[in-house]
Amino acid sequence: MNFVVLTIFPEMFNPFWEHGIIRRAIDRNKIRVSAIDIRDFAEGKHRVTDDRPYGGGCGMVMKPEPLGAAIREATQKAPLSKKILLTPQGRRFDSSVAHELSSSEGLIFICGRYEGVDERICLDFIDDEISIGDYVLTGGELAAMVIIDAVTRLIPGILGGRESAEKDSFSGGILEYAQYTRPRSFEGHDVPEILLSGDHKKIENWRLETSLIRTFLKRPDLFENRALSKQEIEILKKWCVDIERIIHNQSLYGPGALSGGQ
Ligand code: ADE
């Protein structure tokens, strides 16, 4: 996978390329990366990349000529790459968009700054517009890093078996199960006994149940568009029985009776 970032702050990417999984992916030739300075395509002594908006208003707009030239050159070098403008107006980035992008030949990211980019760039030079959330960043650079990071870890052969992307939060449409490592006891909280039992079947069931519980408590919206498996339905039914039993027992004694009438 070839990642090209067009930005007026290419140096922002140096530390990003040099650490962790991204670094490993570069070293193993799984990804190629470059950050290209849009100013290199700007005319004049001051290599200006922005200008005042026609029609007035505050802020500056990124000029179309340097951006257009930068995108053209990047496309010539990587003709099969998808050209993505990073903007809060784009479609929302999530796990399924990350999977979609991971099968591209290459990605060219156009990082806007100031109040945005000249509309004519959006019309003729861009294949897709992506936002990483409903908030406005000072530029697209951090958004490009977020996307490159999330896409890179999905490329086959990048994560080891232990870090597998298949077991991630969201990969099965629900959140990942609770994780523990040594020590067995930390500040009064013990690792659940079942994880020490060595019974792989039980551990797998327990993990699925904790995934469902967390999703139910933290992100119930994820259940809306996801079909439940038979096993998951059984787990949910078991909760219903447990919850009904609690309610039944409480109501036998009357409201508040078990807490001394409070
Ligand atoms: N540029 C500014 N804000 C952004 C956002 N939320 N997502 C992507 N690019 C951006």
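1. Let's begin with Thr152, which sits in helix H6 of this predicted model. Its relative accessibility is 0%, so Thr152 counts as buried, the cut-off for that word being under 20%. The side chain of Thr152 also turns towards its own helix in one respect: it reaches the backbone oxygen of Ile148 at 2.7 Å. If you set aside the neighbours within four places in sequence, the residues in contact with Thr152 are Phe3, Ile22, Ala25, Ile31 and Ile158.

2. Now step back to the helix that holds Thr152. How far apart should the ends of H6 be? Helix H6 covers residues 141-152, and its 12 residues should span 16 Å at 1.5 Å a residue; the end C-alpha atoms are 16 Å apart, so the two values agree. When you count the steps yourself, remember that the expected span uses one less than the number of residues. The buried residues of H6 are Glu141, Ala143, Ala144, Met145, Ile147, Ile148, Val151 and Thr152. One of these, Ala143, will come back in the ligand shell, where it is listed among the surrounding residues.

3. Ile22 is a good partner to look at next, since it is among the contacts of Thr152. You will find Ile22 in helix H2, residues 20-27. Is Ile22 buried or exposed? With a relative accessibility of 3%, Ile22 counts as buried. Beyond its neighbours within four places in sequence, Ile22 is in contact with Phe16, Trp17, Ile31, Ile148, Asp149 and Thr152. Compare the two contact lists and you will spot Ile31 in that of Thr152 and in that of Ile22. For a sense of distance, try the pair Ile22 and Lys77: they are 55 residues apart along the chain, and their C-alpha atoms are separated by 22 Å.

4. Next comes the ligand. Which residues are around the ligand? They are Leu86, Thr87, Pro88, Ile130, Ser131, Ile132, Gly133, Tyr135, Val136, Leu137, Gly139 and Ala143. By class, this shell has eight nonpolar, four polar and no charged residues. Strands S5 (82-92) and S7 (128-131) each supply at least two residues of the shell, and the largest share, three residues, comes from S5.

5. The polar contacts of the ligand are worth finding on screen. A backbone N or O atom of Ile132 lies 3.0 Å from a ligand nitrogen atom. For Tyr135, a polar backbone atom is 2.8 Å from a nitrogen atom of the ligand. Leu137 likewise has a backbone N or O atom 2.9 Å from a ligand nitrogen. Taken alone, the ligand exposes 270 Å², and the protein buries 96% of that.

6. Ser131 is one of the residues around the ligand, and its place is in strand S7. Its relative accessibility is 2%, so Ser131 counts as buried. Apart from neighbours within four places in sequence, Ser131 is in contact with Thr87, Pro88, Gly90, Arg91, Arg92 and Phe93. Among them, Thr87 and Pro88 also appear in the shell around the ligand.

7. Ala78 lets you look at a loop: this residue lies between helix H3 (64-77) and strand S5. At 9% relative accessibility, Ala78 counts as buried. Leaving out neighbours within four places in sequence, its contacts are Asn2 and Ile108. Ala78 and Leu107 are 29 residues apart in sequence, with their C-alpha atoms 8.7 Å apart in space.

8. Helix H7 (residues 200-218) has 19 residues and reaches 26 Å from its first C-alpha to its last, close to the 27 Å expected at 1.5 Å a residue. At the start of H7, a side-chain oxygen of Asp199 comes to within 3.3 Å of the backbone nitrogen of Lys201. Inside H7, the buried residues are Ile203, Trp206, Leu208, Glu209, Thr210, Ser211, Leu212 and Thr215. What do the buried residues of H7 pack against? They pack against helix H8 (230-253).

9. Finish in H8 with Lys237. This residue is partly exposed, because its relative accessible area is 47% and the exposed class needs over 50%. Lys237 and Ser103 stand 134 residues apart in sequence, and their C-alpha atoms are 38 Å apart in space.

Note on methods: Residues are numbered from 1 along each chain as its sequence is written. This is a predicted model: local features need pLDDT of at least 70, side-chain atom pairs count only at pLDDT 80 or more; totals for chains, interfaces and linings use all residues. Side-chain values use heavy atoms; hydrogens and water are left out. A residue is near a molecule or strand if one of its heavy atoms lies within 4 Å of it. A polar contact is a pair of N or O atoms within 3.5 Å; within protein, one must be able to donate a hydrogen and the other to accept it, and residues adjacent in sequence count only if both atoms are side-chain atoms. Accessible areas come from the Shrake-Rupley method with a 1.4 Å probe; for residues, only the protein chains shown count as cover. Helices (H or I, at least four residues) and strands (E, at least two) are DSSP runs, numbered from the N terminus. Ala, Val, Leu, Ile, Met, Phe, Trp, Tyr, Cys and Pro count as nonpolar, Asp, Glu, Lys and Arg as charged, and the others, Gly among them, as polar. Buried means under 20% relative accessible area, exposed over 50%, partly exposed in between (1.4 Å probe, protein chains only). Contact means heavy atoms within 4.5 Å.
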